[in-house]
Amino acid sequence: MEYRILNTINSPNDIKNLSDEKLTELCSEIRDCLINTLSKTGGHLASNLGVVELTVALHKVFDLPEDKLLFDVGHQCYTHKLLTGRFNGISTIRQKDGLSGFMRPDESEYDPFITGHSSNSVSASLGIYKGSKISTNKDLYSISVVGDGAMTGGMIYEGLNNAGHNRNDSTIIILNDNKMSISRNVGALARHLTVIRSQPGYHRFKHKLERIISYIPFIGGFINRNLLRSKTMLKNAIYHSNIFEDMGFHYLGPVDGHDITKLQQILGVAKEQKRPVLVHVITKKGKGFSPAEKAPNNFHGVSSFDVENGEVPIKKIDFSAVVGDELCRLSASDEKICVITAAMKEGTGLSNFADKYKNRFFDVGIAEEHAVTFTAGLAAGGARPVFCVYSTFLQRGYDQLIHDVAIAKLPVTICVDRAGIVGEDGETHQGVFDIAFLKTIPGIQIFSPVNYLELKMHLNESIYKINSPSVVRYPRGSQPNLPEDFVPSGDDFQFYGNPSSEAVIITFGRVFSEAVKCYEKLKQEGKKIAILKLNKIYPINDKIYDYLKKYNNIYIFEEGIASGGINETLCSGFLKNNINAKVHIYAISDEFIPHMSVDDALKMYNLSADAIYNIVNED
């Protein structure tokens, strides 16, 4: 498809001289490009459609890459990529060896910081500003675009507190408010004053007037101070309390985030301030694509969709949905069960639970540290709490797991969603670290089911049989196909395959299904191998070692980071139990997994059926 203006944009300099009319046309082309591209590749649609004009205005007003622009989370940076020389690569976004779906400094000089998780952009932006000033002695602008959802994360307020305290720094926060969740300024007078305060002339006049008054002998300072108090009282009466000005920011807005002219005006005013500024921008998620406007949550992260009618492929039942359904079933007869999530109700399959058991469902926002301690408090109060969280986000609650949960041996259940390789979201979202950091915590028990039946069994055991912290971890997506003769035992471990062989594969979770495919292929060739499936992956049941003494070759396949993984625990057990077999370890090497499909990643790290077969067959 031909894009008359977008095709000519290779850097932000190419839009500097475009008229507002041309910029509006460019925004329309960008939306069309995003909709058509993501309908095929998948990705974050609604959030990107909502910030098109804002992103264009930022690239027009500021001088990138000298000035630094950082998107919080970063999943809304697709327009930014299109304006910074990556238009030809947009069709590869989130694919193996293609563009990342987030900001990546190794991808472009226009990306100043790696993004992926929420609420850290203000801290990073302030650090970038200070670091650049130290290293270059230049007074640049450092801008962070923060969604209103990120304002539920505690770290953002630590950053705001620090940034607002530095009164002479040119740090600019763009509050992208697409749900009106921060403040709702109503009334004609508030809107009129916003228009006035967005004009550069107003601020120049105000500063000149303040200087003139300050020159009045004896009483100039007194008049200025009292005018400031009066202005603040009047503004608070109209706009209500403003936490950002209380924290030291000069507040501008709210402004229509889809009006390219007004955006340029207010950003120009922000540049003139030479102090911490917060610009409040109102946007609409999914802007320009009706289905996404009506149901932005359905188009937050999509695999593909029909451009004509917005229909997305029917979602298969997955592990997350099974967890949600099972919690609903258990809660019908158990009023002590309550469920916590950190702004991931839909993602963790809890929508039905939230509707049925409103008083026992708690969405605490993007605040995993608070979520873990809140969960501990619920348990201490006599409830039976279940915290559902993505593996990659649980990392932020590590201290709370130790200090607030484990030391007190509180009976909390943590459902770790997206455990293992997640695919196209890449390094920042891969769930490969949870085993390594969880198993360092004394007293914790970790389960890793391969299918829905095991998932329900482990969830029930965790809630009703374990009076200490326990974890049930499961991958993104649907359960794999398994042979009819596989029956979950409910024990800590079980064997499958041919126990009379001289070699054994040890694995768990999703990779067990890959090992079974390998076994079936070897069986057809008249070759033998046994599979030891770990159901409770930590702590390891010591009885395992008695069964393993007869094998000459032991193959460990682990969908997790090698350092600190289950393989290390097993090897320690081999030494203690005098097991002299040749041990082959295949886990994820100590590196971050780039964005690619789950299948590609399993192949890369020798965890696919074909890879397992080739490894076992070579020996």
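What does the accessible surface of the protein chain come to, and what share of that surface belongs to carbon and sulfur atoms? In this predicted model, the accessible surface comes to about 26,600 Å², and 52% of it belongs to carbon and sulfur atoms.

The fold of the protein chain is built with 24 helices and 17 strands. Its radius of gyration is 28 Å, close to the 25 Å that the globule rule gives for 619 residues, so the chain is as compact as a globular protein of that length. Taken along the principal axes, the box filled by the C-alpha atoms is roughly 95 × 60 × 50 Å. Buried residues account for 57% of the 619 residues, and, among contacts between residues at least 6 apart in sequence, 76% join residues that are at least 24 apart.

The charged side chains of the protein chain are counted below.

| Set of side chains | Count in the protein chain |
|---|---|
| Positive | 67 side chains |
| Negative | 71 side chains |

The centres of these two sets, positive and negative, lie 6 Å apart.

One residue may serve as a local example. Asn553 is placed in strand β16, which covers residues 553-561. Leaving aside residues up to four places away in sequence, Asn553 touches Glu502, Ala503 and Val504, and it also touches Ala581, Lys582 and His584. With which side chain does the side chain of Asn553 make a polar contact? The partner is the side chain of His584, and the distance of this polar contact is 2.9 Å.

Technical notes. Residues are numbered from 1 along each chain as its sequence is written. This is a predicted model: local features need pLDDT of at least 70, side-chain atom pairs count only at pLDDT 80 or more; totals for chains, interfaces and linings use all residues. Side-chain values use heavy atoms; hydrogens and water are left out. Helices (H or I, at least four residues) and strands (E, at least two) are DSSP runs, numbered from the N terminus. The radius of gyration is taken over C-alpha atoms; the globule rule is 2.2 Å times the number of residues to the power 0.38. Buried means under 20% relative accessible area, exposed over 50%, partly exposed in between (1.4 Å probe, protein chains only). Contact means heavy atoms within 4.5 Å. Accessible areas come from the Shrake-Rupley method with a 1.4 Å probe; for residues, only the protein chains shown count as cover. Lys and Arg count as positive and Asp and Glu as negative; His and the chain ends are not counted. The place of a charge is taken as NZ of Lys, CZ of Arg, CG of Asp or CD of Glu. A polar contact is a pair of N or O atoms within 3.5 Å; within protein, one must be able to donate a hydrogen and the other to accept it, and residues adjacent in sequence count only if both atoms are side-chain atoms.
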